[in-house]
2 protein chains.
Amino acid sequence: MSNALDTTFAALADPTRRAILTMLLEDDMAVTDVAEPFEMSLAAISKHLGILTRAGLISQEKRGRVKWCKLEPDALRGASVWMQGFGQFEPVNLDAFERFLEIELDPGTAEDPAT
Amino acid sequence: MSNALDTTFAALADPTRRAILTMLLEDDMAVTDVAEPFEMSLAAISKHLGILTRAGLISQEKRGRVKWCKLEPDALRGASVWMQGFGQFEPVNLDAFERFLEIELDPGTAEDPAT
DNA sequence: CGCATATTCAACCAAATGGTTGACGAATTG
DNA sequence: CAATTCGTCAACCATTTGGTTGAATATGCG
């Protein structure tokens with residue numbers, strides 16, 4: 001129904017969630033501390049953290065009664081790479097990418113769908 | 001209420017819209033031709049194109065009765081830069097992109113123009 | 001002109017999203 | 001033990017999203 005890019009981009013589309021990620025860039029944080037700067041309920045932040053967790057962008061580990069949130073920046077790699085395919089910042093790479101696309105989008109030339 | 005990153009990421013969160021962007025990478029296309037591979041109404045595609053246009057990811061120019069859609073990859077730059085803040089990803093990893101695109105085009109995940 | 005083609009608009013709908021509040025379980029502290 | 005703190009859950013609500021259909025608006029063509 002929804003693949004990794006769906007959930008990644010959807011998670012990033014909310015400014016509260018992007019702000020949370022930015023905060024976590026500095027250090028791991030407890031849920032309550034993540035929520036503190038925001039003018040919304042703890043439950044709302046908890047939901048946002050759940051979305052970020054399901055997207056793989058953060059991980060949560062409970063130690064005692066405190067749940068620590070940790071950034072997982074590798075989860076952004078897929079989305080980043082996808083976007084770089086469109087960033088025609090380097091013409092050479094674009095050429096290679098377009099060649100690849102011609103092969104990929106043509107059912108006749110595709111050899112190994114793998115999985 | 002919503003900034004550029006909001007609309008960019010939200011636009012990218014939909015698989016139909018990402019597929020449209022991928023198609024436009026190959027060439028400019030008319031609205032009807034964009035819609036052709038998808039199993040949804042022309043009006044639905046028209047809405048998607050409106051969202052992509054408002055996000056700045058494509059531009060539309062009407063010539064005669066045909067409206068041409070053109071990729072505007074520079075609009076991705078802001079989002080790309082934002083994501084780079086979370087980790088130095090390899091500039092352009094075509095292999096990785098290929099893997100993700102295969103997932104994108106894999107029949108059985110959402111609506112699929114290749115089928 | 002009259003008709004077909006290209007695209008959008010308007011109204012509508014179901015489902016998802018982002019928020020609230022209050023109750024709850026689990027861990028810590030006094 | 002009792003009280004408190006941490007965080008989630010459940011129910012609810014308003015708004016947005018992604019789709020539909022049918023009518024409307026251009027534009028091009030014979």
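Visitor: Let's start with B:Asn3: is this residue buried or exposed?

Guide: Burial is read by counting neighbours, and exposed here means 12 or fewer other C-beta atoms within 10 Å. In this predicted model, B:Asn3 has 10 other C-beta atoms within 10 Å, so B:Asn3 is exposed.

Visitor: Where does B:Asn3 lie in chain B?

Guide: Look to the segment before helix 1 (4-12) of chain B, where B:Asn3 is found. You can also place B:Asn3 against B:Gly50: the two are 47 residues apart in sequence, and their C-alpha atoms are 17 Å apart in space.

Visitor: Now for chain A. How many helices and strands does chain A have?

Guide: Chain A has six helices and three strands. Read from the N terminus, their order is α-α-β-α-α-β-β-α-α. Of the 115 residues in chain A, 29% are buried.

Visitor: What share of the contacts in chain A join residues at least 24 apart?

Guide: Count just the contacts between residues at least 6 apart in sequence; 47% of those in chain A join residues at least 24 apart.

Visitor: How should I read the sheet, and what is the order of its strands in chain A?

Guide: Here is the general idea: strands of a sheet pair through backbone hydrogen bonds, either parallel or antiparallel. In chain A, three strands form an open sheet in the order 1-3-2, and the pairing is antiparallel. Strand 1 and strand 2 of chain A each have a single partner strand and stand at the edges, so one side of each has no neighbour in the sheet.

Visitor: How many bridges join strand 1 of chain A to strand 3 of chain A?

Guide: Strand 1 (residues 29-30) of chain A is joined to strand 3 of chain A by two bridges. Find A:Met29, and its bridge partner in strand 3 of chain A is A:Cys69. Strand 2 (residues 58-63) of chain A pairs with strand 3 of chain A over six bridges, and A:Arg63 stands opposite A:Val66 in strand 3 of chain A.

Visitor: What do strand 2 and strand 3 of chain A form together?

Guide: They form a hairpin, with two residues between the strands. In the turn, A:Gly64 has a positive phi of about 70°.

Visitor: Which strands does helix 2 of chain A lie across?

Guide: Helix 2 (residues 15-26) of chain A lies across strand 1, strand 2 and strand 3 of chain A, at about 90° to strand 3 of chain A. Helix 4 of chain A lies across strand 2 and strand 3 of chain A, and runs at about 120° to strand 2 of chain A.

Visitor: Let's move to the DNA. Which residues come nearest to DNA strand C?

Guide: There are 22 residues around DNA strand C, and A:Ser41, A:Ala44, A:Gly64, B:Thr32 and B:Ser46 come nearest. The residues of this surface divide into 11 nonpolar, seven polar and four charged.

Visitor: And which residues are the closest to DNA strand D?

Guide: Among the 22 residues that surround DNA strand D, the closest are A:Thr32, A:Ser46, B:Ser41, B:Ala44 and B:Gly64. Helix 4 of chain B gives the largest share of the surface near DNA strand D, five residues. That surface has 11 nonpolar, six polar and five charged residues.

Terms used
Residues numbered from 1 in each chain as written. Chains lettered and ligands numbered in written order. Predicted model: local features only at pLDDT ≥ 70, side-chain atom pairs only at ≥ 80, totals over all residues. Near = placed C-beta within 6 Å. Nonpolar A, V, L, I, M, F, W, Y, C, P; charged D, E, K, R; others polar. Helix = DSSP H or I, 4+ residues; strand = E, 2+ residues; numbered from the N terminus. Buried ≥ 20, exposed ≤ 12 C-beta atoms within 10 Å, placed from the backbone. Contact = placed C-beta atoms within 7 Å. Pairing = 2+ DSSP bridges. Axes fitted to C-alpha atoms, helices over the stretch in contact; angles between N-to-C directions.
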